[in-house]
Amino acid sequence: DRKILKTIIITIVLILMIPIIAVLSGFLLMSLWSWFIVPLGVPAITLAHAIGLGIVAQFCRGSHIKDTNYSGLIAENLGFLIGCYFTAYIIHIFFM
C-alpha cells in the first residue's frame, strides 16, 4: 500500500533527523557558550559536551508534543535553531 510506504518513509526521515537536529543544537549551544559564557571565565565545552547538555536539558524539560505533524515540527525546530544562531551571532559581533 502507498499509505504503508509513506509511513515507513516518514519514520525513516524522522529517525535520521534526530541526530542531525542534536548536532545542530549542540553546535548552537557550543557557540553560545563560547561567545557568552567563556568570557566570564568558565571553561569552553566541546561539541560532544554541548550535545550531551542539550539532551539532558530536553530530558529534564520533557516532551510536550501535541501535534502529529512531524514534518512541520522538524521545520519549526530547524527554523528556531537557525533564528537563535543568527540572533546570537549578531549580538556577539556588535556587542561583544
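## A nonpolar surface patch

Ile82, Phe86, Tyr89, Ile90, Ile91, Ile93, Phe94, Phe95 and Met96 make up a nonpolar patch on the surface, sharing about 980 Å² of accessible area. A patch here takes residues with over 30% relative accessible area and no salt bridge, joining like charges within 9 Å and nonpolar side chains (Val, Leu, Ile, Met, Phe, Trp, Tyr) within 5 Å. A salt bridge means a side-chain nitrogen of Lys or Arg within 4 Å of a carboxyl oxygen of Asp or Glu. Areas come from the Shrake-Rupley method with a 1.4 Å probe, and for residues only the protein chains shown count as cover.

Keep in mind that this is a predicted model: local features need pLDDT of at least 70, side-chain atom pairs count only at pLDDT 80 or more, and totals for chains, interfaces and linings use all residues. Residues are numbered from 1 along each chain as its sequence is written, and side-chain values use heavy atoms, with hydrogens and water left out.

One patch member, Phe94, sits in helix H3 (residues 70-95); helices (H or I, at least four residues) and strands (E, at least two) are DSSP runs, numbered from the N terminus. Phe94 counts as exposed because its relative accessibility is 62%. The classes are buried (under 20% relative accessible area), exposed (over 50%) and partly exposed (in between), with a 1.4 Å probe and protein chains only.

## The core

Now for the inside. Met17, Ile21, Leu28, Ile74 and Leu81 are the five residues of the largest nonpolar core. Helix H1 (2-37) and H3 each put in at least two residues of this core, with H1 giving the most, at three. Such a core is a set of buried Ala, Val, Leu, Ile, Met, Phe, Trp, Tyr and Cys residues joined through side-chain atoms within 4.5 Å.

Setting aside neighbours within four places in sequence, Ile74 is in contact (heavy atoms within 4.5 Å) with Leu14, Met17 and Ile21.

## Along H1

Ile12 lies in H1 and is partly exposed because its relative accessible area is 46%. Ile12 and Leu73 are 61 residues apart in sequence and 15 Å apart in space, C-alpha to C-alpha.

Phe27 is in H1 too, and its 38% relative accessibility is why it counts as partly exposed. Beyond neighbours within four places in sequence, Phe27 is in contact with Leu47 and Tyr85. Phe27 and Tyr85 are 58 residues apart in sequence, with C-alphas 9.2 Å apart. Leu32, also in H1, is partly exposed at 25%; leaving out those neighbours within four places, Leu32 is in contact with Ile37 and Ala88.

## H2 and what follows

H2 (residues 47-61) has 15 residues and reaches 21 Å from first C-alpha to last, close to the expected 21 Å, which is 1.5 Å times one less than the number of residues. Just after H2, Gly62 takes a positive phi of about 85°.
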